[in-house]
Amino acid sequence: MDAVSVTFPKGFRAAASAVGIKSSGALDLSLILATGAVPAAAVFTQNAAAAPPVHLSRRHMQESAGRIRGVILNSGCANAATGERGAQAAHQMAAATAEAVNCQAAEVLVCSTGPIGPHLPMDKIGPAIPALAARAASTPEAGRDAADGILTTDTFRKQAKAAGAGFKVGGMAKGAGMIRPKMATMLAVVTTDAVASPARLQEALRHAADETFNSINIDGCESTNDTVILMASGESATEPSLEVLTQAVRLVCAGLARDIVVDAEESTRVITVRVNGAADNDSARRMGMAIADSDLVRCSFYGGDPNWGRLVAAVGACGEPVEAALLGISYQGVPVAAKGMFTGVDLAAVEALLEGDFEVDVTVGEGPGVAEILTCDLTPGYVTYNGEPS
């Protein structure tokens, strides 16, 4: 899998423009198009204050019976907390795209990302869409431009690809802050040339998102705009099993999800937290996310401090069943707690192992549940960065 550049699989085209949403003049409007209305699946934020583009895209997925022609995405403005005017803007983006490519408005999904509150400059976006659609191409350069056009506080574009037996999967994503998913996180569009029904795509995306996007946590903050979309052109004429399709989609999602954590705002480390022994996998994931939610834990990660007591407290307070007498914690494979107590290990020696990225294993009982969470450290730079006006 190559996370530096990716060509969209057969049956898809992309384009991007700078239309003036961002004051910097950077690319801020992207379009992904299929050659026709194709099977699609999507997962959306569960935030109760979901943005108008999320509501519209949910509705369009239902109205189109999961067959989508394209996705129009903008950065520089989330179009969230914008009321009826925001809902109209999302509709206008879909309608303008549909007119430009000669399809139904319900066959277009809309994604927006950026600061919450401002209104989209539709006087700039609307007129730009026909030219954007006319320029859409299947070249690597077009794909890179589309990936750049959705970035906000990101410091690099996020793309990934994977190959199955006779089919390909490619994807792009954005995200660096406000990352704490419950379905997906940030924005992502994943495409494949496999043959698959909307139902199979939805099942594959649900499983893939759970194991990847649902298992990263940068700052404990769930966005109003989170959307992940999967589209299948069928151009390869290969119809993989659900298991094979899910694995390929998961590889792409995993690459994108890790890039998001690597790019976390002002972070310096990626920490892998593995939880085992929980009642089930969902319980293990909730415990892992509780660990990553803890500011105290993530401050210790910043300092490379094996302060295992903070992990014990976070797990014990999360509301999941924990067997305190069986709690075990290891840093970089070195046990610092076992059977609920300190092992007596030389903590200074353990601290010396925590240079750069590192791994933490947490045993919470004897159940079959396991989970792996990717998170990052909480740095002074993060606090300063997010204390400034966005």
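**View 1. Asparagine N217 and its partner D293.** The side chains of N217 and D293 are joined by a polar contact of 2.8 Å. This is a predicted model, so read that distance, like every other one in these legends, as a computed value. N217 sits in strand β8, which covers residues 216–217. Is N217 buried or exposed? With a relative accessible area of 0%, N217 is buried. Setting aside residues up to four places away in sequence, N217 touches D293 along with I179, R180, M289, A292, L374, T375 and C376.

**View 2. Helix α3 and its kink.** Helix α3 runs over residues 122–135. Its 14 residues should span 20 Å at 1.5 Å a residue, and the end C-alpha atoms are indeed 20 Å apart, so the two values agree. Look along the helix for a kink of about 35° at I129, shortly before the proline P130. I129 is also one of the buried residues of α3, together with M122, I125, A128, L132 and A133. An α-helix has 3.6 residues a turn, so residues three or four places apart point the same way. What do the buried residues of α3 pack against? Their partners are the strands β1 (12–17), β2 (29–44) and β3 (67–75), plus helix α2 (83–101).

**View 3. The largest nonpolar core.** This core has 38 residues, and M186, F213, V228 and L245 are those with the most contacts inside it. Several strands give two or more residues to this core, including β2, β5 (158–163), β6 (168–174), β7 (187–192), β9 (227–232) and β15 (369–376). The helices α5 (198–211) and α6 (242–262) do so too. Which element gives the largest share? That would be α6, with nine residues. Apart from this core lies another one, of 28 residues, with V273, V297, L327 and L354 among them. As a bit of background, nonpolar side chains in soluble globular proteins tend to be buried together.

**View 4. A closer look at helix α6.** At 1.5 Å a residue, the 21 residues of α6 should span 30 Å, and that agrees with its end C-alpha atoms, which are 30 Å apart. Plenty of its residues are worth picking out: L245, T246, A248, V249, V252 and C253 are among the buried ones. Further along, G255, L256, A257, D259, I260 and V261 are buried as well. L245 may look familiar, as it is one of the residues with the most contacts inside the largest nonpolar core.

**View 5. Cysteines without a bridge.** How many disulfides does the model have? The count comes to zero. C77 is in no disulfide, and the nearest cysteine sulfur, that of C111, is 14 Å away. C77 has 2% relative accessibility, so this residue counts as buried. C253 is in no disulfide either, and here too the nearest cysteine sulfur belongs to C111, at 14 Å. At 0% relative accessibility, C253 counts as buried.

**View 6. Two loop residues with positive phi.** Most residues other than glycine have a negative phi. A237 is not a glycine, yet its phi is positive, at about 65°. You'll find A237 in the loop between β9 and α6. A237 has a relative accessible area of 66%, so it is exposed. K339 also has a positive phi without being a glycine, with a value near 55°. K339 lies in the loop between β12 (334–338) and β13 (341–342). Its relative accessible area is 65%, which means K339 is exposed.

**View 7. M61 in helix α1.** M61 is found in helix α1, residues 52–63. The relative accessible area of M61 is 12%, so it is buried. Around M61, leaving out residues up to four places away in sequence, are A40, A41, A42, F44, G66, I68 and L109, and M61 touches each of these. M61 and M183 are 122 residues apart along the chain, and their C-alpha atoms are separated by 16 Å.

**View 8. I150 in a loop.** I150 is found in the loop between α4 (140–148) and β5. Does being in a loop leave I150 buried or exposed? At 1% relative accessible area, I150 is buried. Neighbours within four places in sequence aside, I150 is in contact with S30, L73, S75, T113, M172, A173 and K174. A292, by contrast, is 142 residues from I150 in sequence and 26 Å from it in space, C-alpha to C-alpha.

Conventions:
Residues numbered from 1 in each chain as written. Predicted model: local features only at pLDDT ≥ 70, side-chain atom pairs only at ≥ 80, totals over all residues. Heavy atoms only, no water. Helix = DSSP H or I, 4+ residues; strand = E, 2+ residues; numbered from the N terminus. Expected span 1.5 Å × (residues − 1). Bend = angle between axes of the 7 residues up to and from the residue. Buried < 20%, exposed > 50% of the residue type's maximum accessible area, 1.4 Å probe, protein only. Contact = heavy atoms within 4.5 Å. Disulfide = S-S within 2.5 Å. Core = buried A, V, L, I, M, F, W, Y, C linked by side-chain atoms within 4.5 Å. Polar contact = N/O pair within 3.5 Å; in protein donor to acceptor, adjacent residues only side chain to side chain.
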